[in-house]
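Q: I should like to learn how to read the overall fold and the helix packing of a model. Could we work through an example together?

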Amino acid sequence: MAITYTVDDIVGLWVAGFLTLCVFSFLFGDNPFYKLAEHIYVGVSAGYWMCLGYWGTILPQVQEPLLRGEWVKLFPLVLGLMMLFQLNKKTAWVSRWPLCFMVG
C-alpha cells in the first residue's frame, strides 16, 4: 500500500520545516528570519482567536438573539463596542462606563 501525497501536503511540509528552522535560528541571535516566524505565528493565532470568538460567541449569543427580537442583548453589545473607544486617546473616557459595569 503506497502513501500518496498531494501538492498541499508537500507545500505544507516545506513551510512547516522552514518556519521551524526560522524559530530555531534565534539560537544564533535575533535575526529577520526569527522575526518573520514570530510575526506569522502571532498573526495566525490572532486571526484564529478572532474567528473563534465571532463564530462561537458573537454569532450565537448576540447576533441570532437580536434577529429573533431579544433586544436585551443590545445592552452588552453596546458596552462591548464602547470598550473599543480606548484605542483613541480623545475618546478613551467613554470606555470607563463599561469598565464600571464589569468591575461592579
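Q: What pattern does the chain follow when read along the sequence?
A: One begins by listing the secondary structure elements in order. This is a predicted model, and its chain follows the pattern α-α-α-α. The count is four helices and zero strands.

Q: How does the radius of gyration of the chain relate to the globule rule?
A: The radius of gyration is compared with the value that the globule rule gives for the number of residues. Here the radius is 22 Å, well over the 13 Å given for 104 residues, so the chain is more spread out than a compact globule. Along the principal axes, its C-alpha atoms fill a box of roughly 55 × 45 × 20 Å.

Q: What percentage of the residues in the chain is buried?
A: A residue counts as buried when its relative accessible area is under 20%. Buried residues account for 13% of the 104 in this chain. As for contacts between residues at least 6 apart in sequence, 3% join residues at least 24 apart.

Q: At what angle do the axes of helix 1 and helix 2 cross?
A: One reads the distance and the angle together. The axes of helix 1 (residues 7–24) and helix 2 (residues 32–68) cross at roughly 120° and come within 7 Å. The angle therefore makes helix 1 oblique to helix 2. Their crossing is left-handed.

Q: Which residues make the contact of helix 1 with helix 2?
A: Helix 1 contributes Phe18, Leu19, Cys22 and Val23, while helix 2 contributes Phe33, Tyr34, Leu36, Ala37 and Ile40. By class, the residues of this contact are nine nonpolar, no polar and no charged.

Key: Residues are numbered from 1 along each chain as its sequence is written. This is a predicted model: local features need pLDDT of at least 70, side-chain atom pairs count only at pLDDT 80 or more; totals for chains, interfaces and linings use all residues. Side-chain values use heavy atoms; hydrogens and water are left out. Axes are lines fitted to C-alpha atoms, for helices over the stretch in contact, and angles run from 0 to 180 degrees between N-to-C directions. Helices (H or I, at least four residues) and strands (E, at least two) are DSSP runs, numbered from the N terminus. Angles under 35 degrees count as roughly parallel, over 145 as roughly antiparallel, 65 to 115 as roughly perpendicular and the rest as oblique. A crossing is left-handed if the near helix is turned anticlockwise from the far one by less than a right angle, and right-handed if clockwise. Contact means heavy atoms within 4.5 Å. Ala, Val, Leu, Ile, Met, Phe, Trp, Tyr, Cys and Pro count as nonpolar, Asp, Glu, Lys and Arg as charged, and the others, Gly among them, as polar. The radius of gyration is taken over C-alpha atoms; the globule rule is 2.2 Å times the number of residues to the power 0.38. Buried means under 20% relative accessible area, exposed over 50%, partly exposed in between (1.4 Å probe, protein chains only).
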